[in-house]
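User: I am new to this structure and would like to go through its sheets, helices and unusual backbone spots. Please take them one by one.

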Amino acid sequence: DRSYACWLQVERIGEPALRDSYARRCGEIAVVGEGAVLHTAADELAAGIAAMLGDVPVRTAGQPRYARHLLLGKLQDLPAEIRVSLADAESRLGEEGYVIKTCGDRIVLAGNTDRAVLYAAFRLLRLMACGCGPEELSILDKPANGLRMINQWDNMDGSIERGYAGKSIFYRNNRIVDDLTRVRDYARLLASVGVNAIAVNNVNVHDEETRLIDRHLPDVSRLADVFRAYGIRLFLSVNYASPVQIGALETADPLDPGVRKWWADIARNIYNAIPDFGGFLVKADSEFRPGPFTYGRDHADGANMLAEALGPYGGLVIWRCFVYNCLQDWRDRTTDRAKAAYDHFKGHDGRFKDNVILQIKNGPMDFQVREPVSPLFGAMTETNQLLELQITQEYTGHQRHLCYLVPQWKEVLDFETYAKGEGSTVAQIASGALYNRKYGGMAAVSNIGDDLNWTGHLLAQANLYGYGRLAWNPSLSSEEITREWIVQTFGPDPVVADTVSRMLLESWNIYESYTAPLGVGWMVNPGSHYGPNVDGYEYSKWGTYHYADHAGIGVDRTVRTGTGYTAQYHPPRSDEYESLERCPDELLLFFHHVPYTHKLKSGKTVIQHIYDSRFEGAERAQGLVEAWRSLRGRIDESRYNQVLERLEEQAEHAKEWRDVINTYFWRKSGIPDALGRKIY
Ligand code: BDP
């Protein structure tokens, strides 16, 4: 089944001229230098090129026998005459940047580290797959973000929190699996798009997972070996109460000397086993997870203690800002979950040690189909930050619905915070560039499991691919990323490219329109977060989200009359959101409570928008089915059928969304549909 190879299909190149042109330079791969990652690069190239060129024997050697070859290695190890021609590159590439340069009949792939060479190798394979000729290659590329991380929410019993593509590829029966072939194949996929870090267990660290830092260390070290060969550093999520739960201490108080020593010992053991261990990812004092609050300490105390333990080895503490009181009473209108992260962390700016990074979800709530950008971006100047995205489709259709998230992430990355005037985008803040921070980047919750096609919905592979590409270069456009993915996944057929590209690029908007437009969010079944349920969370302790009554809907988060959340933004954003007139339609109900008869900028009333968007959304979901059907015969049957099945299910389910929501609001408001359509 071809779905397993994702975007690394390595098809034989169809065009003879292009194939010859590569064949002329690629029959021999000359590797200068030693090292596991460099060898990975050479092996990937050898396998990929052999498959793409069909019958060209590929020889990997230290010294080239012929003048025509691929040459790869660290810049410093290359022959002097080549180094000279790349002299200006050396200082511009940093640790992970690379050059690909055609010098006559030779193609040189080089960087300052082996990892950079690996990225160059995958780039060359991508160029070949995308039909780009080798004649005049002159590429210098380096990542915008230092950390490009994946978070697995895998549990050791083999389940995955919010996983929609089967079971864990890492764990079974409270152990790390013996056969790591699948993990290796995953590492390849990740490295091919430039991912360089992974936390391999769920942020909610329970029983057995707590012991990854001691009892399971030998197995964790096996995992680290697999990822290391692909240039990826391994991190672990840790349980803040570990000293009590597995260490027989009576406290986990970060200021207690016994606790500090306990973690220092743990760190030493880990680094003995895994010298390049990345560090800890921590969810503390949130959703019933333990943390420093128990001891009257704050987040900075908590994070700094762990940072001190890891510091001597170059380890990092990634501390999550997804902190809010999940038992807050919905009767109290002054509390607002959206304000929580900012309120908890802003005051600690400047107090975190240099090797602490705060990981901030893109929105202030929780990965809804649309939220404003978290105001914590731009609120701290002296703190390392990491943007957290969710690739797994928790609130966006469980990988049963098509929802391509790259356009959403682009909006987040390009969002102008005005923290330091214009140009203060989230991309600039997360990378560390705006405030000149040492560490920064992006992290995202993975969408893979042990389904043969990795992601359940085959087209959801594009989300994983797109995340990696954006983490490397946030200024790529959605369209570019989408094209690349399609051509590598399905080949060069322009009809496939056009159709699939349109489907992907519209899918977020389609999903939003039949589920929760106007920024309202949350109308899902509690617990599973799948399927329509307008009041599912409305009267629960976890928060109140739409405040719909007979007269109107939306949450008043203004300073003037509401929760005051808009003040967490810098002007002019704060003014824009505060103003009913200026607030963008797509976020209106996030910021304002309005009557159903309120007129949107589009000219429609809110109630009419509620009806129209559901009718249109359901129709457009059906349109996705038709679009895919038009590709019959252009895509192999197995992949064609698996996608078709999901799209058909989505189209049916979109009707359920339409009917449940429209009926609810018709009854609630008593206002009929202006077009007189049937509402059940
Ligand atoms: C929410 C999920 C929950 C996670 C939590 C988190 O519903 O399963 O544990 O986020 O990010 O989206 O910690």
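The questions below go from the sheets to the helix pairs and then to single residues.

User: What kind of model is this, and how are its residues numbered?

Analyst: This is a predicted model, in which local features need pLDDT of at least 70, side-chain atom pairs count only at pLDDT 80 or more, and totals for chains, interfaces and linings use all residues. Side-chain values use heavy atoms, with hydrogens and water left out, and residues are numbered from 1 along each chain as its sequence is written.

User: Which strands stand at the edges of the open sheet?

Analyst: Helices (H or I, at least four residues) and strands (E, at least two) are DSSP runs, numbered from the N terminus. Two strands pair if DSSP finds at least two bridges between them. The open sheet has six strands in the order S2-S1-S3-S5-S4-S6, with mixed pairing. Each edge strand has a single partner, so one side of it is left without a neighbour in the sheet; these strands are S2 and S6 (138–141).

User: In which sense does S5 pair with S3, and in which with S4?

Analyst: Strand S3 (residues 69–74) is joined to S5 by six bridges, and Lys74 stands opposite Gly111 there. Six bridges also join strand S4 (residues 98–103) to S5, with Thr102 opposite Ile107. S4 and S5 form a hairpin with two residues between them. The sense is parallel for S3 with S5 and antiparallel for S4 with S5.

User: How many residues of strand S5 are buried?

Analyst: Buried means under 20% relative accessible area, exposed over 50%, and partly exposed in between, with a 1.4 Å probe and protein chains only. Strand S5 covers residues 106–111 and is mostly covered. Of its six residues, the number buried is five.

User: What is the bridge partner of Ala30 in S3?

Analyst: Strand S1 (residues 28–32) and S3 pair in the parallel sense over four bridges. In S3, the residue that partners Ala30 is Leu71.

User: Is Ala61 buried or exposed?

Analyst: Ala61 is in strand S2 (residues 59–61). Leaving out residues up to four places away in sequence, Ala61 touches Glu28, Ile29, Ala30 and Val31, where contact means heavy atoms within 4.5 Å. The relative accessibility of Ala61 is 11%, so Ala61 counts as buried.

User: In what order do the strands of the barrel run?

Analyst: Eight strands close into the barrel, and the pairing is parallel. One of the pairings joins strand S7 (residues 147–151) to strand S10 (residues 197–199) by three bridges, with Asn151 opposite Ala199 in S10. The order is S7-S10-S11-S12-S13-S14-S15-S16.

User: At what angle do helix H16 and helix H20 pack?

Analyst: Axes are lines fitted to C-alpha atoms, for helices over the stretch in contact, and angles run from 0 to 180 degrees between N-to-C directions. Helix H16 (residues 494–514) and helix H20 (residues 637–669) have their axes 10 Å apart, and the angle is about 30°. Angles under 35 degrees count as roughly parallel, over 145 as roughly antiparallel, 65 to 115 as roughly perpendicular and the rest as oblique. H16 is therefore roughly parallel to H20, at about 30°.

User: Which residues of H10 meet H9?

Analyst: Helix H9 (residues 257–273) and helix H10 (residues 299–310) pack at about 40° with their axes 8 Å apart, and they are therefore oblique to each other. From H9, the contact uses Val259, Arg260, Trp263, Ala264, Ala267 and Tyr271. On the H10 side the residues are Met305, Leu306, Glu308, Ala309 and Leu310.

User: Which two residues does the cis peptide bond join?

Analyst: Most residues other than glycine have a negative phi, and most peptide bonds are trans. Here omega is about 5°. Pro572 lies in the loop between strand S17 (552–553) and helix H17 (573–578). The cis bond joins Pro571 and Pro572.

User: What is phi of Asn436?

Analyst: Asn436 lies in the loop between helix H13 (426–430) and strand S16 (440–445). At 69% relative accessibility, Asn436 counts as exposed. Its phi is positive, in a residue other than glycine, and is near 55°.

User: Where is Glu287?

Analyst: Phi of Glu287 is near 45°, a positive value in a residue other than glycine. The place of Glu287 is the loop between strand S12 (279–282) and H10.
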